[in-house]
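This briefing covers two topics, a metal site and a sheet, and it is meant to be read alongside the sequence and the coordinates.

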Amino acid sequence: MSQQTSSFSKDENRDRFVAFSFAASDLLLEVTIDQKISFSAGKVESLTGQTATKLNNKDIYDLFTSNDTNMIYALLRGAQKSGRSGPIMVSIKNSKTNKAYKAMMMGMCLPDNDHIFLTLNATPSFLEFLASSDYQDSKLLDEKQFEASAIKAFQDAKKSSKSLDVTFIETEKIDEYKKSMEHEDAVNFTDNLQMILKQDSYNGNTASQVDENRYCVIHGEEISSDEIEEKIQNLINKTNSNRGVFDPNNIGVKSKTVEADMEVLSEREARRAMIYTINQIEAEGLDSIQDDLSKSFDDYLQENADKITSLKRLIGQQDFKLNFQPIIYIPSEEICHYEALVRFDSENSPFELITFGEDVGIAPDIDMAILKQAIGYLQKNLKSAPDLKIAVNISGQSIQSEDFFNKMLDLLDDTECSPKNLMFEITESTNIGDLEKVNDYLQRLRGRKFEICLDDFGAGAASFQYLNSLDIDCVKIDGKYVRDAVVSPRDEAMVRNLVRMCQDLNITTVAEMVETEEQLKYLIDIGVDKAQGWLFGKPNSKAEYTKR
Ligand code: C2E
Ligand code: MG
Ligand code: MG
């Protein structure tokens, strides 16, 4: 990075590096709360026409065309409010060439730092991709993206003890209405409708289309469903006055607002209840739903009571098996340790059942039962294999529980389990709320020399926040990135920078789901320490490994 970083502390440099490497972007700008540029790195001169030194202290808005001002203002506010915001499309003014360069900008704030980090990507191929029709069609979030931003919104609301509302909108004949228009008018109408929903949504980023005629918006309490309905009705009236084909009153905009009281619900409960509500609307319409997500969550629990009881029984009776998958050093391919992976009824993945267990709040029971079985396996096998070491997965939900943590310490003491034989992977499937408390627990485990690995790095939106707040020994790079790094330059840059950063921070790296020689070669090239995947061994009922 730029030479001027040398006068900054290690933490400041780390923050910048984290933000920059994550976005694998062309330009990084750091902005103070009074919206002045305090640091820049990347393609500063070629994009802005000015040197990094010249940019210092400049007003951030001066770098962009005046059309962008409002959007940038909203982006900065969004990042301050919720940690991350964007992306938005902006035009960077180049003072030398007088040209404007289109770029995708994202904003990010890190804990304990009031500066805002802006990352800009101006790579032509990336922008071409964004300009493609696929991207334009999906202006509202798809189901998966919506779930991810919903959980982020619920998490933010929980932190600030706020309540959010979820408004479901049903527009009976809107699809027919659109079919009656010329193609271009229909596209414009859809764009405007989506814009209205996005504008009212929390962080501008939590609106989704449920099906052809239904939408869902998460928003602050200050916005009422009547307001949203009125805006949609106005849009219909305005469009209709030019056309006169449809009686706008026939379109039938209906909405229902459901309260999400985050003092009562956990983020996961709120998300689960929301998905449950969406399914209910799809099956039975708007009138069938409760007016409060906590009531919907109770309905959900009620409906799944049998499944919960049978999962609890499986756990209580230790009616499950463990499989073990080798993790090896690269390039030597010598064994390092094995990951314990639970199997409930068959060889099938436990993922669905584990996340269900997390949603209904019994992850700590599941993890404790698995930990007991893993320690039992060690006790049986340590005589013949004294170097055997097992990594046990602990859900982010469990490690937030004081009761779980104390029981875990007691179990480790009672069984005299040695850190030579046991370590932990913290899975990211649940969002961790109180990072300070979790870090305290992790440090107490590390104080006893148990190694801690952050699992599925990159899979969730909060990975870098976790890395920033939790002192850990190891990062496991999510399998998706291992797969994509050999085909996508963007993922490649992200993984390479992540590995470099971990090296700087003295954190070892493991790549999971390594399936091909090409992936292995790449991982060796960029200096990853360890690997796990079918190339070396599938999960097996015995912790055994034979070198290829
Ligand atoms: P994870 O902890 O990231 O585990 C790695 C997953 O990748 C395992 O899936 C493993 O079987 C799979 N895998 C390993 N190598 C390859 C490969 O080369 N190719 C492919 N396609 N897959 C590979 P599994 O066993 O289905 O587990 C899924 C997830 O369920 C785990 O992800 C973890 O989040 C959770 N899980 C599994 N066992 C436990 C457990 O004992 N406790 C907790 N809390 N979670 C568990
Ligand atoms: Mg794992
Ligand atoms: Mg993983």
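In this predicted model, strand β1 (residues 27-31) is joined to β2 by 5 bridges, and the two strands run antiparallel. Within that pairing, L27 has G42 in β2 as its bridge partner.

**The sheet**
- Strands β1 and β2 belong to an open sheet of 5 strands, which has the order β2-β1-β5-β4-β3 and antiparallel pairing.
- The edges are taken by β2 (37-42) and β3 (84-93), and because each has a single partner strand, one side of each is left without a neighbour in the sheet.
- On average, and with direction ignored, neighbouring strands of this sheet are turned by 25 degrees against each other.
- As a general point, strands of a sheet pair through backbone hydrogen bonds, in either a parallel or an antiparallel manner.

**The magnesium site**
- The magnesium ion (ligand 3) is coordinated by D455 (OD), by D456 (OD) and by E512, which is listed with OE twice, at 2.1 to 2.8 Å.
- Along the chain, the donors of the magnesium ion (ligand 3) follow the spacing D-D-x55-E.
- Distant parts of the chain are linked in this way, since D456 lies in strand β14 (residues 452-457) while E512 lies in the loop between β16 (508-511) and α21 (517-526), 56 residues apart.
- The magnesium ion (ligand 3) and the magnesium ion (ligand 2) are 4.1 Å apart, and D455 coordinates both.

**Burial of the donors**
- D456 has a relative accessibility of 18% and therefore counts as buried, the cut-off being under 20%.
- E512 is buried as well, with a relative accessible area of 9%.

Definitions and conventions: Residues are numbered from 1 along each chain as its sequence is written. Chains are lettered from A and ligands numbered from 1 in the order in which they are written. This is a predicted model: local features need pLDDT of at least 70, side-chain atom pairs count only at pLDDT 80 or more; totals for chains, interfaces and linings use all residues. Side-chain values use heavy atoms; hydrogens and water are left out. Donors are N, O and S atoms within 2.8 Å of the metal (3.2 Å for Na, K and Ca); water is not among the atoms, so sites may look incomplete. Helices (H or I, at least four residues) and strands (E, at least two) are DSSP runs, numbered from the N terminus. Buried means under 20% relative accessible area, exposed over 50%, partly exposed in between (1.4 Å probe, protein chains only). Two strands pair if DSSP finds at least two bridges between them. Axes are lines fitted to C-alpha atoms, for helices over the stretch in contact, and angles run from 0 to 180 degrees between N-to-C directions.
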